[in-house]
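Trainee: I've got a structure up on the screen and I'd like to talk it through. Can we start with the charged pairs and then move on to the sheet?

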Amino acid sequence: MKRVLVNGTFDGLHKGHKALFEFAKTFGHLTVALDSTERIRELKGPNRPFFELSFRLKCVAECGWVDSLEVFSSDEQLLDIVRRHDIMVKGSEYRNKPIIGGEDIKVIFFDEIVDISGQKLSSSTLYQDFSSR
């Protein structure tokens, strides 16, 4: 069975994430690697993540398609995780962008889910919309 990897923050799980996991699971044993709280703060600022790591892990684990979970705090740790897998599934927004470990693994792109207005679903966009009200 192929070892499949999806990685991200998953800070506010939404139907786009769930569709990504369901799609990725069709390729084999699915591992989801989540950014640590410290890494998210470094990359996205002091007000992120919205949800602590333990809650994000619980939400992802309860999706039903995920076979195992990992946490990483650096590019090097993510690269080590990537190298233990056969396939990485990324959202189509990463097409033509650098992907950590992308040269070491087969990358399959998932077309993003859009809402009724045609806007792509992302946790950042959802929270920006909510906080601006």
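Mentor: Sure, and keep in mind that this is a predicted model. Let's begin with Asp35, which forms a salt bridge with Arg39, with 2.7 Å between the closest N and O atoms.

Trainee: Are Asp35 and Arg39 buried or exposed?
Mentor: The cut-off to use is under 20% relative accessible area for buried. Asp35 has a relative accessible area of 6%, and Arg39 comes in at 10%. Since each value falls under 20%, both residues count as buried.

Trainee: Which other residue does Arg39 meet in a salt bridge, and where do the two sit?
Mentor: Look along the chain from Arg39, which is in helix H2 (residues 37-44), to helix H4 (residues 75-82). The pair links distant parts of the chain, 36 residues apart. The N to O distance is 2.9 Å, and the partner is Asp75.

Trainee: How does Asp75 class by accessibility: buried, partly exposed or exposed?
Mentor: Buried would need under 20%, and exposed would need over 50%. Asp75 has a relative accessible area of 37%, so Asp75 is partly exposed.

Trainee: Which three residues end up in one salt-bridge network?
Mentor: Arg39 has a salt bridge with Asp35, and Arg39 has another with Asp75. Salt bridges that share partners make one network, and the members are Asp35, Arg39 and Asp75.

Trainee: What else is around the side chain of Asp35, and which backbone nitrogen lies 3.4 Å from one of its polar atoms?
Mentor: Asp35 belongs to strand E2 (residues 29-35). Leaving out residues up to four places away in sequence, Asp35 touches several residues, including Gly8, Leu43, Arg56 and Phe72. The backbone nitrogen at 3.4 Å from a polar atom of the Asp35 side chain is that of Thr9.

Trainee: Which residue does Arg84 pair with in a salt bridge, and why does that pair tie together separate parts?
Mentor: The N to O distance between the side chains of Arg84 and Glu70 is 2.6 Å. Arg84 lies in the loop between H4 and strand E4 (87-91), while Glu70 is in strand E3 (residues 68-72), so the pair ties together parts that are 14 residues apart in sequence. Arg84 is partly exposed at 39%, and Glu70 is partly exposed at 22%. So the partner you asked for is Glu70.

Trainee: How many salt bridges does the structure hold?
Mentor: We've looked at some of them, among them Asp35 with Arg39 and Arg84 with Glu70. For the whole structure, the count is 9.

Trainee: Now the sheet: what is the strand order, and which strands are at the edges?
Mentor: The sheet is open, with 5 strands and parallel pairing. An edge strand pairs on one side only. The twist from one strand to the next averages 30°. Reading across gives E3-E2-E1-E4-E5, and the edges are E3 and strand E5 (106-110).

Trainee: How many bridges join E2 to E3?
Mentor: These two strands run parallel. One place to look is Thr31, whose bridge partner in E3 is Ser68. Between E2 and E3, the number of bridges is 5.

Trainee: Which strands does H4 lie across, and what is its angle to E3?
Mentor: For another helix on the sheet, take helix H1 (residues 15-25), which lies across strand E1 (3-8), E2, E4 and E5 and runs at about 135° to E5. H4 lies across E1, E2, E3 and E4, and its angle to E3 is about 150°.

Conventions
Residues numbered from 1 in each chain as written. Predicted model: local features only at pLDDT ≥ 70, side-chain atom pairs only at ≥ 80, totals over all residues. Heavy atoms only, no water. Salt bridge = Lys/Arg side-chain N within 4 Å of Asp/Glu carboxyl O. Buried < 20%, exposed > 50% of the residue type's maximum accessible area, 1.4 Å probe, protein only. Helix = DSSP H or I, 4+ residues; strand = E, 2+ residues; numbered from the N terminus. Polar contact = N/O pair within 3.5 Å; in protein donor to acceptor, adjacent residues only side chain to side chain. Contact = heavy atoms within 4.5 Å. Pairing = 2+ DSSP bridges. Axes fitted to C-alpha atoms, helices over the stretch in contact; angles between N-to-C directions.
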